[in-house]
Amino acid sequence: MNDRLQALQNYLKEESISGGLVTSRHNIFYLSNFDYNPHERFVGIFVFENGEPIFVTPAMEVPMLKDAGWNYPIISYTDSDHPWVLVRNVIESRQELTRFAVEKHEISYSYIENLQQILGDIEFRSLDRKLTEMRLVKDDNELEILREAASFADLGVYVGIEALTEGITELEVLGKIEYELKKKGIREMSFPPIVLFGENASNPHGVSGDNTLKKGDTVLFDLGVKYKGYCSDITRTVLFGNITHELQAIYNTVLQSNVAGINACKSGTRIGNVDLAAREVIQTAGYGDYFPHRIGHGLGIDVHEAPSMNEANDDVLKRGMVVTIEPGIYVPGLGGVRIEDDVVITDSGYEVLTKFPKNMMIVQGEKK
């Protein structure tokens, strides 16, 4: 049994939990190396206190599942089958199950109903904390993939800046970024990428549209790729044309905040203190009210995963954690600046995965 499945089985034994079901796409990938969007079809991994795990999947996906390295029992079904009938036949042949664990925050209620029909009066427990704990610290192979994913994010920002010309729209720039990344073999972005000009950049999660670029705008890029199942996430802001002194001051403040947050990233540090170190820089500069979000989040198979890098988090950083540091200042009517990096916690401190330069960049573009 692979190490991750073995760790999950050991947890079930420690907690006297008879079995469990994993149904979320990302946790299935973590446990099996099989990444598949099932749409409306049922896909899941049954794990047990004793015995081998069982993968339930549409029959048409079995070859890809085996190619991914799954060497344990499989329940496969066609579109004319009822998968839960097949599951019942297998589950009922096992020892009596008294406690059963599921992903509390992920599982469909219809799946719970099916499990209740099969298992009867049973106590349900949660797998969420254990799976989160397992995914929190990345191994060397995961870190190498995350480094490569970050390099593609760097490329995306480079392409975006090269595309900037007066009069171009946010969506046109976004399209150029995605096109060039696809040419490099990237099939999927970590999240819908964001390109924001001028006042639109004052919305931390603004939506790219037909807003055209003009002199004096800030240009905010927030993007990442999914590479071999793992995500990157970078934000860079550049200044276009004739920029006011206030925007330059805001940029320098955010850059200082970003550096302060990264410098606070050390194994054993309280997570909340990282947020506070970065936030203090912005508050001291008088822009505290314009920094409305946490300093960052965990990064891995999900673009947003544990830990939450907020000032109230009393957990500590550990070697192998990967987090983002992304302070921002957003002034309505003026624009916004955010600088985000992906950071690995190491024995000696940290490693920054995103390498695109952060020095203030003023771009002069020809009119379209």
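**A four-stranded sheet and helix α1**

In this predicted model, four strands line up as an open sheet in the order β8-β9-β12-β20, and the pairing is mixed. The edges are taken by β8 (194-197) and β20 (362-363), each of which pairs on one side only. Inside the sheet, β9 (residues 218-223) runs antiparallel to β12 (residues 234-240), and the two are joined over six bridges. To pick out one spot on this pairing, Phe221 has Arg236 of β12 as its bridge partner. As for what holds such an arrangement together, strands of a sheet pair through backbone hydrogen bonds, in either the parallel or the antiparallel sense.

Turning to helix α1, this element covers residues 3-14. With 12 residues at 1.5 Å each, the helix should span 16 Å, and the C-alpha atoms at its ends are indeed 16 Å apart, so the expected and computed values agree. Leu5, Leu8, Gln9, Tyr11 and Leu12 are the buried residues here. Looking down the helix axis, these buried residues fall within an arc of 155°, which means that they line one face of α1. Asp3 and Glu14, on the other side, are exposed.

The buried residues of α1 have plenty to pack against: the partners are β1 (19-22), α2 (25-32), β2 (44-48), β6 (123-126) and α6 (128-136).

Both ends of the helix have something to show. At the N-terminal end, Asn2 acts as a cap, with a side-chain oxygen 3.0 Å from the backbone nitrogen of Arg4. After the helix comes Ser16, which has a positive phi, near 55°.

Methods
Residues numbered from 1 in each chain as written. Predicted model: local features only at pLDDT ≥ 70, side-chain atom pairs only at ≥ 80, totals over all residues. Heavy atoms only, no water. Expected span 1.5 Å × (residues − 1). Buried < 20%, exposed > 50% of the residue type's maximum accessible area, 1.4 Å probe, protein only. Arc of directions from axis to C-beta. Contact = heavy atoms within 4.5 Å. Polar contact = N/O pair within 3.5 Å; in protein donor to acceptor, adjacent residues only side chain to side chain. Pairing = 2+ DSSP bridges.
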